[in-house]
Amino acid sequence: MKLLGIGSRIDHSEYGKGVVTNVTSIMYWVTFIEKGLETIAIDADFKVIEAAEDEVDSVSFYEIEASLIQILKKWSDTSEVVPLADKYRGGKMILQPEDVSLSNKEIPINTFFHKIVMLRDRLRVMEQKINSSKNLDDQEKIDLQQYITRCYGSLTTFNVLFKNNSQNFKGDSSKK
């Protein structure tokens, strides 16, 4: 199936006549005379009035950017922006020894949270290095992965600090 170029004119059964103004790998952006700008699937049912012969880049800038971000997250040791839960923003942790003659230690929660996130990111990098290692056999990789999973499980206590649940630590969910 050949993609239509920008400037192609079409007639859609629902939207009427329009002109293709942008193309991605899965959809056309079409400005219709009656309905304005709409997106339609590339394989949607429409009649081609006039096909533009221009070269078409079938991947949009947005798709390239999203792919690049995903690759960088997976293979670099740079950390994503991980927001602290609103209720802890600006708060502090107080470590109080049992011995009342000793002084408390106060730590800004932001500082502590940043260290937890850095630890998580470093565990992820370690996972990637284990998975891509050519010096470890499959059983050694599995064994090391299980240790890392247990580390994540030990850190689930700190999930209350994460604003987004999707960024929480997840340990082994199977009961043994």
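What share of the contacts in the chain with a separation of 6 or more comes from residues 24 or more positions apart? In this predicted model, such residues account for 45% of those contacts. The report below describes the elements of the chain and then the places where distant parts of the sequence meet.

## Overall organisation

The chain contains 3 helices and 7 strands. Read along the sequence, these elements follow the pattern β-β-β-β-β-α-β-β-α-α. Of the 176 residues in the chain, 26% are buried.

## Helix 2 and helix 3

Helix 2 has 24 residues, and the distance from its first C-alpha to its last is 35 Å, close to the 34 Å expected at 1.5 Å a residue. Its buried residues include Ile-109, Phe-112, Phe-113, Ile-116 and Val-117. Charged residues are also found among the buried residues of helix 2, including Arg-120, Asp-121 and Glu-127.

Helix 3 spans residues 138-154. This helix has 17 residues and reaches 24 Å from its first C-alpha to its last, close to the 24 Å expected at 1.5 Å a residue. At its start, a side-chain oxygen of Asp-137 comes to within 3.0 Å of the backbone nitrogen of Gln-139.

Which residues of helix 3 are buried? They are Lys-141, Gln-145, Ile-148 and Tyr-152. Seen down the axis of helix 3, the buried residues fall within an arc of 65°, so they line one face of the helix. A general property of helices is relevant here: an α-helix has 3.6 residues a turn, so residues three or four places apart point the same way. The face turned away from the buried side of helix 3 carries the exposed residues Tyr-147 and Ser-154.

The buried residues of helix 3 pack against helix 2, which covers residues 109-132. Gln-145, found in helix 3, illustrates this packing. Gln-145 counts as buried because its relative accessibility is 17%, and the cut-off for buried is under 20%. Not counting residues up to four places away in sequence, Gln-145 touches Glu-127, Ile-130 and Asn-131.

## The nonpolar cores

In soluble globular proteins, nonpolar side chains tend to be buried together. The largest nonpolar core in this model has 16 residues, and those with the most contacts inside it are Phe-113, Leu-161, Phe-162 and Phe-169. Helix 2 and helix 3 are the elements that give two or more residues to this core. Helix 2 gives the most, with 7 residues. Apart from this core lies another, of 11 residues, among them Leu-4, Val-20, Phe-32 and Ile-40.

Phe-162 lies in the segment after helix 3. Its relative accessible area is 3%, and Phe-162 is therefore buried. Leaving aside neighbours within four places in sequence, Phe-162 is in contact with residues including Val-82, Pro-83, Phe-113, Val-117 and Phe-169. Phe-162 and Pro-83 are 79 residues apart along the chain, yet their C-alpha atoms are separated by 6.5 Å.

Val-82 is one of the residues that Phe-162 contacts. Val-82 is found in the loop between helix 1 (61-75) and strand 6 (92-95). With 13% relative accessibility, Val-82 counts as buried. Beyond residues up to four places away in sequence, Val-82 touches Phe-113, Val-117, Arg-120, Phe-162 and Gln-167. Val-82 and Val-117 are 35 residues apart in sequence, and their C-alpha atoms are 7.5 Å apart in space.

## Aromatic pairs

A pair of aromatic rings is described by the distance of the centres and the angle of the planes. The count comes to 4 aromatic pairs in this model, and two of the pairs are set out in the table.

| Pair | Centre to centre | Angle between planes | Arrangement |
|---|---|---|---|
| Tyr-28 and Phe-46 | 5.9 Å | 80° | edge-to-face |
| Phe-112 and Phe-158 | 5.3 Å | 65° | edge-to-face |

The pair of Tyr-28 and Phe-46 links distant parts of the chain: Tyr-28 is in strand 3 (residues 27-32) and Phe-46 is in strand 5 (residues 46-50), 18 residues apart. Tyr-28 counts as buried, at 2% relative accessibility.

The pair of Phe-112 and Phe-158 also links distant parts of the chain, with Phe-112 in helix 2 and Phe-158 in the segment after helix 3, 46 residues apart. Is Phe-158 buried or partly exposed? With a relative accessible area of 24%, Phe-158 is partly exposed.

Conventions:
Residues are numbered from 1 along each chain as its sequence is written. This is a predicted model: local features need pLDDT of at least 70, side-chain atom pairs count only at pLDDT 80 or more; totals for chains, interfaces and linings use all residues. Side-chain values use heavy atoms; hydrogens and water are left out. Helices (H or I, at least four residues) and strands (E, at least two) are DSSP runs, numbered from the N terminus. The expected span of a helix is 1.5 Å times one less than its number of residues. Buried means under 20% relative accessible area, exposed over 50%, partly exposed in between (1.4 Å probe, protein chains only). The arc is that of the directions from the helix axis to the C-beta atoms. Contact means heavy atoms within 4.5 Å. A polar contact is a pair of N or O atoms within 3.5 Å; within protein, one must be able to donate a hydrogen and the other to accept it, and residues adjacent in sequence count only if both atoms are side-chain atoms. A nonpolar core is a set of buried Ala, Val, Leu, Ile, Met, Phe, Trp, Tyr and Cys residues joined through side-chain atoms within 4.5 Å. Rings of Phe, Tyr and Trp (its six-membered ring) pair if their centres lie within 6.5 Å; planes under 30 degrees apart count as stacked, over 60 as edge-to-face and the rest as tilted.
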